[in-house]
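Open the model in your viewer and switch on a cartoon view with side chains ready to display. We will go from one selection to the next, with a short look around at each stop.

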Amino acid sequence: MEVDKNDKRTPWWFFEQCQARYGRFLVDVAAHQENHLCRVWLGPGSPFGEDALDTAQRWGPSNWCNPPYGPVGTIPRWIERARYERNHFGSRTLLLLPADTSTLWFAHVEQNEQIELVRFRLAFAASDGSTKGNSAKFGSVLVHIAPRIRRPE
């Protein structure tokens, strides 16, 4: 079953490994009824809020974000929104993004945030859970946007 490129579900095993490495996520901020990975999720049909990019919609203290990868310009909006949550509320967000080193947003997060390259291509899941035929045609990167540790004055 082919998955819409803007509607891919992160494989559960990969999400669990990210939680083991980065801590538990309480809110899936770029989801919908068929693909959310946390009990609390934001997106179309969510009882908690439908537009996670609206700054009036608060995220949680720890967030998972596998946003839609298109259209052009969407990914920078998710990065800025995660930074807004960090700067205003001390939230942390882990974003799963395409490792597109040719983009301005990638250069900016590489200089300013903690990133981790995923060393293999993920096979995203269809709504029925199958991953056959759904391998990404690109690498992925995890971008961790979290409060910085500050040196005592």
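Start by selecting P98. In this predicted model, P98 has a relative accessibility of 12% and, because that is under the 20% cut-off, counts as buried. The residue belongs to strand β4. Now show what surrounds it: setting aside neighbours within four places in sequence, P98 is in contact with Y69, I75, W105, F138, G139, S140 and V141. Add V118 to the selection and draw a line between the two C-alpha atoms. That line spans 9.6 Å, although P98 and V118 are 20 residues apart in sequence.

**Next stop: strand β6**

Two of the contacts of P98, S140 and V141, lead us on. Select residues 140-145, which make up β6. Is β6 enclosed or open to the outside? Six of its six residues are buried, so the strand is largely enclosed by the rest of the structure. Turn the view to see each face in turn: S140, L142 and H144 lie on one side, V141, V143 and I145 on the other, and all are buried.

Keep V143 highlighted and look to both sides. In one direction is β4, which pairs with β6 in the antiparallel sense over six bridges; here V143 is the bridge partner of L95. In the other direction is β5, also antiparallel to β6 and joined to it by five bridges. There, I115 stands opposite V143.

**The whole sheet**

Now zoom out and select every strand. What is the order of the strands in the sheet? The sheet is open, has six strands and reads β2-β1-β3-β4-β6-β5, with mixed pairing. At its edges stand β2 (40-41) and β5 (114-118); each has a single partner strand, so one side of each is left without a neighbour in the sheet. Add helix α3 to the view: it packs on the sheet and touches β4, β5 and β6, and its direction makes about 120 degrees with that of β5.

**Strand β3 and its partners**

Select β3, residues 62-65. Both of its faces are covered, with S62 and W64 on one side, N63 and C65 on the other, and all four buried. On one flank, β1 (residues 27-28) pairs with β3 in the parallel sense over two bridges. Look for D28 opposite W64 and V27 opposite N63. On the other flank, four bridges join β3 to β4, and these two strands run parallel. N63 has T93 as its bridge partner in β4.

**Along helix α2**

Select residues 74-89 for α2. This helix of 16 residues reaches 22 Å from its first C-alpha to its last, close to the 22 Å expected at 1.5 Å a residue. Colour its buried residues, which are T74, I75, W78, I79, R81, A82, R83, E85 and R86. They pack against β3, β4, α3 and β6. Just after the helix comes G90, with a positive phi near 75 degrees.

**The core**

Stay with W78 for a moment and show its surroundings. Apart from neighbours within four places in sequence, W78 is in contact with V29, A30, A52, L53, W59, C65, P67, P68 and L95. Where does this fit in the wider picture? The largest nonpolar core has 37 residues, and W64, W78 and L95 are those with the most contacts inside it. At least two residues of this core come from each of α1, β3, α2, β4, α3 and β6. In soluble globular proteins, nonpolar side chains tend to be buried together.

**A last selection: Q19**

Go to helix α1, residues 12-22, and pick Q19. Buried or exposed? Q19 has a relative accessible area of 16%, so it is buried, the cut-off being 20%. Its side chain is joined to that of E16 by a polar contact of 3.1 Å. Beyond neighbours within four places in sequence, Q19 is in contact with R24 and F25.

**Stepping back**

Finally, show the full chain. It has three helices and six strands, which follow the pattern α-β-β-β-α-β-α-β-β along the sequence. Of its 153 residues, 49% count as buried. Among contacts with a separation of 6 or more, 67% come from residues 24 or more positions apart.

Technical notes:
Residues are numbered from 1 along each chain as its sequence is written. This is a predicted model: local features need pLDDT of at least 70, side-chain atom pairs count only at pLDDT 80 or more; totals for chains, interfaces and linings use all residues. Side-chain values use heavy atoms; hydrogens and water are left out. Buried means under 20% relative accessible area, exposed over 50%, partly exposed in between (1.4 Å probe, protein chains only). A polar contact is a pair of N or O atoms within 3.5 Å; within protein, one must be able to donate a hydrogen and the other to accept it, and residues adjacent in sequence count only if both atoms are side-chain atoms. Contact means heavy atoms within 4.5 Å. A nonpolar core is a set of buried Ala, Val, Leu, Ile, Met, Phe, Trp, Tyr and Cys residues joined through side-chain atoms within 4.5 Å. Two strands pair if DSSP finds at least two bridges between them. Axes are lines fitted to C-alpha atoms, for helices over the stretch in contact, and angles run from 0 to 180 degrees between N-to-C directions. The expected span of a helix is 1.5 Å times one less than its number of residues.
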